[in-house]
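This report goes through one protein chain, element by element. The sequence and the structure come first.

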Amino acid sequence: MQRYDMFIDGESHPPSTDNWFPTDNPYLGAPWAEIARGGPRDVDTAVRAAHRALGTGPWAELTASARGALLHRLGDTVAAHARPLAETEVRDNGKLFTEMHGQVSYLAQWFHYYGGLADKIEGTVPPMDKKGYFAYTRKEPVGVVAVITPWNSPLLLLAWKIAPALAAGCTVVVKPSEFTSASTLELARLFHEAGLPPGVFNVVTGFGQDVGAALVEHPLVRKVSFTGSDTTGRRINQAAARDFKHVSLELGGKSPNVVFADADLEAAVNGAVSGIFAATGQTCIAGSRLLVQDSVHDEVVDRLLELAGTARMGDPMDEDTQVGPITTPAQYAKVLDYIRIAREEGAELALGGKAATRPECGDGWFVEPTVFTGVSNSMRIAQEEVFGPVLAVIPFRDEEEAIALANDSRYGLGAGVWTRDIGRAFRMAERVHSGTLWVNTYRAVSYLAPFGGVKDSGIGRENGIGAITSYLEDKSVWINT
Ligand code: NAD
């Protein structure tokens, strides 16, 4: 079976523990490779390499323009290897090849965008209120960044962090999810071949409680950039606070997708179905609560069931497949458990509701696209993140009630609004508490638009110009003239 070493200081790095763990193919329900099981010693080696690269050597000596040019080269490298990288991601997390290929090809843009910004990082000359002084500010990289990623979109979410971090001049130590480490290791090797100096991009693989925790607690790490569950995010935030480290936390969601009676219902239903069932519901921005105005509720539900009921499940490499497997056996069990809980709470099962046993699903961890109607917003199925293909449909009377229901959540990541009333779109944009609000579309993201959450969905924003400043510190320099 194929084995993946870690990647530290520009070299393959076998585990100091001499241990390996299997990584599964969710479609086959079986392991396809083995990953090095790192430990705190490997974390220390990687962080020290990243710290050295920050202070001396080829990375520290690059001009900002040369750093930008190198990032453009990394973007070209991603684009040139998009197909094999996407194939690795599909093997590891079971998402559809069509989606992963598009996603990996697109993430090249993050390196081009932040590469373009690298030599536009400028300090200021503040006006003085004291005679005889001159002051200016420098923008300096925050230092070594710990990057911790989840399993659902490993490379895309990695790019959101490392492209601005590298453009700012930082170095990184990445701890990918133990379920999907392979593509990150492949990318690190490709970037090394493309000229990224040793120590700038290190990958330590292993589990959250040892490798992840040791990385967050390492004294030479100055920022932690994390995407994952709010439970882990809370733990990381507390650990990082002990040494006053910067944090960026992109956490979970229970996003409302709100359909008003005046909407283009066909577009709204398409948006609702792809909003929850794309990536088998395993996205932080899944539109898992569908709020539908009373007067069109039954029509929307009928159309929704018709569309979702025809979804083709099967091999994620097959371009005709629309719904793939769940990535891990634990997640598969969790999704089925939430379906049981929803039924016990009195929600009405309108579609799916069980493990898929169709022949085309093989031995994979598949769950039928599932729709519950008659859901009340206080039910667990409406309050807790399932992270699977399970939609809760909740009726509402009017705009006030829609806003109240949308905001009745501890999360605030994404929200969708479907309406032809422009005034209503603006009112919803103002009053719904979320980091992103989509009007007559859903799930769109770009390197240009800030992304992040409010409330338990996290702290900080990725993407857009602002993201690069979160990897920089201002230093004021005073000169007595
Ligand atoms: P998770 O929190 O279980 O794990 C995420 C990462 O944290 C993994 O690499 C894991 O090994 C590591 N980790 C676990 N314990 C740790 C610890 N004590 N210290 C340091 N690191 C630790 O999340 P997951 O199950 O991999 O991913 C699913 C979650 O991610 C969902 O809640 C989803 O909503 C969220 N997510 C959020 C976004 C976003 O941008 N907001 C995007 C994708 C996924």
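## The annotated glutamate

In which strand does Glu-250 lie? Glu-250 is part of strand 11, which spans residues 246-250. The model described here is predicted. An unreviewed UniProt entry lists Glu-250 under "active site".

Is Glu-250 buried or exposed? Glu-250 has 27 C-beta neighbours inside 10 Å and therefore counts as buried, the threshold being 20 or more. Once neighbours within four places in sequence are set aside, the contacts of Glu-250 are Thr-227, Gly-452, Gly-453, Gly-458 and Glu-462.

## Annotated domain

The unreviewed UniProt entry also carries the annotation "domain: Aldehyde dehydrogenase", which covers residues 20-477. In the model, 42% of this span is helix and 19% is strand. The C-alpha atoms at the two ends of the span are 49 Å apart.

## N-terminal strands

Glu-11 belongs to strand 3 (residues 11-13). Glu-11 has 13 C-beta neighbours inside 10 Å, so Glu-11 counts as partly exposed. Although 178 residues separate Glu-11 and Arg-189 along the chain, their C-alpha atoms are separated by 8.3 Å.

Strand 4 (residues 20-25) and strand 5 (residues 30-36) are antiparallel and pair over six bridges. Within this pairing, Asp-24 is opposite Pro-31 of strand 5. The two strands, 4 and 5, make a hairpin with four residues between them. In the turn, Gly-29 has a positive phi of about 65 degrees.

## Helix 3

Helix 3 covers residues 64-80, 17 residues in total. At 1.5 Å a residue the expected span is 24 Å, and the end C-alpha atoms are 25 Å apart, so the two values agree.

Which residues of helix 3 are buried? They are Gly-68, Leu-70, Leu-71, Leu-74, Gly-75, Thr-77 and Val-78. These residues lie on the same side of helix 3, because they cover an arc of only 165 degrees around the axis. The buried residues of helix 3 pack against four helices: helix 4 (82-93), helix 5 (97-117), helix 6 (154-167) and helix 7 (182-193).

## Nonpolar cores

The largest nonpolar core holds 80 residues, and Val-172 and Val-173 touch the most other members. Helix 6 supplies the largest share of this core, with 10 residues. A second core, separate from this one, has 59 residues, including Ala-272, Leu-304, Val-367 and Leu-391.

Leaving aside residues within four places in sequence, Val-173 is in contact with Ala-46, Val-47, Ala-50, Val-144, Ala-146, Asn-202, Val-204 and Leu-215.

## Strand 15 and its partners

Strand 15 (residues 370-373) pairs with strand 14 (residues 348-351) and with strand 16 (residues 390-396). Strands 14 and 15 run antiparallel and are joined by three bridges. Glu-348 has Thr-373 of strand 15 as its bridge partner. Strands 15 and 16 run parallel, also with three bridges. On this side, Val-371 has Leu-391 of strand 16 as its bridge partner, and Leu-391 is also one of the residues of the second core.

Which way do the residues of strand 15 point? Thr-370 and Phe-372 point one way, while Val-371 and Thr-373 point the other way. All of these residues are buried.

How values were computed
Residues numbered from 1 in each chain as written. Predicted model: local features only at pLDDT ≥ 70, side-chain atom pairs only at ≥ 80, totals over all residues. Buried ≥ 20, exposed ≤ 12 C-beta atoms within 10 Å, placed from the backbone. Pairing = 2+ DSSP bridges. UniProt positions renumbered as here; feature names shortened; annotations may be inferred. Contact = placed C-beta atoms within 7 Å. Expected span 1.5 Å × (residues − 1). Arc of directions from axis to C-beta. Core = buried A, V, L, I, M, F, W, Y, C linked by C-beta atoms within 7 Å.
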